[in-house]
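This report describes a predicted model. Please read it alongside the sequence and the coordinates shown below.

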Amino acid sequence: WGADNAISPLVGTPGALLAAIDAIRASRFVLAGAMHAAIVAMAYGVPFAFFADGHLDCPAKWTDLAESIGIAPIMVRSHAEGRDAFTRHAATLRLPSQSRLLDASPLPVRPDIRRRAGD
């Protein structure tokens with residue numbers, strides 16, 4: 001695949017979850033075999049591509065995510081294909097409004113977090 005590292009989407013503790021998020025945040029590029037990895041990469045401004053790892057669950061959700069951020073739902077098989085796909089679609093990629101995402105949260109959002117969203 002051409003990747004330097006692999007992170008399991010299975011996390012059993014809050015610490016393991018934070019470690020996975022930190023690993024994605026520190027990456028130069030993410031091949032996202034799990035949709036949540038793509039979402040975390042987007043949140044931290046890390047380039048990403050949807051990875052065709054042979055275990056695609058619910059293709060309609062991947063298509064919906066891609067369409068909601070303005071890119072084509074292309075599944076790639078390697079780091080090189082992923083970089084190429086990201087380069088082609090970077091110009092149309094549009095991140096959702098952080099304020100609107102916070103407004104949709106089912107949990108209370110701290111005022112300082114809401115202020116930092118500021119979009």
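## The second largest pocket

In this predicted model, the second largest pocket has a volume of about 560 Å³. Its lining consists of I21, I39, M42, A43, Y44, L95, P96, Q98, L101 and L102. Two elements, α2 (35–43) and α5 (98–103), give two or more residues to this lining.

By class, nine residues of the lining are nonpolar and one is polar, while none is charged. Glutamine is not in the nonpolar class, so Q98, a member of the lining, is the polar residue.

## The sheet

Three strands make up an open sheet, ordered β1-β2-β3, with parallel pairing. The edge positions belong to β1 (30–32) and β3 (75–76), each of which pairs on one side only.

Strand β2, residues 48–51, runs parallel to β3 and is joined to β3 by two bridges. Within this pairing, F50 has M75 of β3 as its bridge partner. Beyond four places in sequence, F50 touches A32, A38, W62, L65, A66, I71, P73, I74, M75 and V76.

## Nonpolar cores

In soluble globular proteins, nonpolar side chains tend to be buried together. The largest nonpolar core of this model holds 17 residues, and the members that touch the most others are V30, F48 and F50. At least two residues of this core come from each of β1, α2, β2 and α3 (59–68). Helix α2 supplies the largest share, namely six residues. A second core, separate from this one, comprises six residues, including F29, L31, V76 and A85.

Several residues of α2 are buried: M35, A37, A38, V40, A41 and M42. The cover over the buried residues of α2 includes α1 (14–25), β1, β2 and α3. Of the buried residues in α2, M42 also takes part in the lining of the second largest pocket. Just after α2, G45 adopts a positive phi of about 70°.

## The cavity and H89

Rolling a probe the size of a water molecule over the atoms shows where empty space is left. In this model, the count of cavities of 30 Å³ or more comes to one. The largest cavity encloses about 90 Å³ of space, and its lining is formed by F48, A49, F50, I71, A72, I74, A85, F86, H89 and L93. The elements that give two or more residues to this lining are β2 and α4. Nine of the lining residues are nonpolar, one is polar and none is charged. Two lining residues of the cavity, F48 and F50, are also among the residues that touch the most other members of the largest nonpolar core.

Which helix holds H89? The residue lies in α4, which spans residues 79–89. Is H89 buried or exposed? H89 has a relative accessible area of 17%; because the cut-off for burial is under 20%, the residue counts as buried. Apart from residues up to four places away in sequence, H89 touches I71, A72 and I74. These three contact residues of H89 also belong to the lining of the largest cavity.

## Loops around the strands

A26 is located in the loop between α1 and β1. With a relative accessible area of 61%, A26 is exposed, because the threshold for that class is over 50%. The C-alpha atoms of A26 and V46 are 8.2 Å apart in space, with their positions 20 residues apart in sequence.

A34 occupies the loop between β1 and α2. A34 has a relative accessibility of 24% and counts as partly exposed, since this class covers values between 20% and 50%. From A34 to T63, 29 residues apart along the chain, the C-alpha separation is 13 Å.

The loop between α2 and β2 contains P47. Between P47 and V30, which are 17 residues apart along the chain, the C-alpha atoms are separated by 6.4 Å. Outside its neighbours within four places in sequence, P47 is in contact with R28, F29, V30, R83 and F86. Among these contacts of P47, V30 is a member of the largest nonpolar core, F29 belongs to the second core, and F86 is part of the lining of the largest cavity.

Methods. Residues numbered from 1 in each chain as written. Predicted model: local features only at pLDDT ≥ 70, side-chain atom pairs only at ≥ 80, totals over all residues. Heavy atoms only, no water. Helix = DSSP H or I, 4+ residues; strand = E, 2+ residues; numbered from the N terminus. Buried < 20%, exposed > 50% of the residue type's maximum accessible area, 1.4 Å probe, protein only. Contact = heavy atoms within 4.5 Å. 1 Å grid on protein atoms, 1.4 Å probe; cavity = no way out; pocket = protein on both sides within 12 Å on 5 of 7 lines; lining within 4 Å. Points joined across faces, edges and corners; volume = space filled by probe spheres on them. Pairing = 2+ DSSP bridges. Core = buried A, V, L, I, M, F, W, Y, C linked by side-chain atoms within 4.5 Å.
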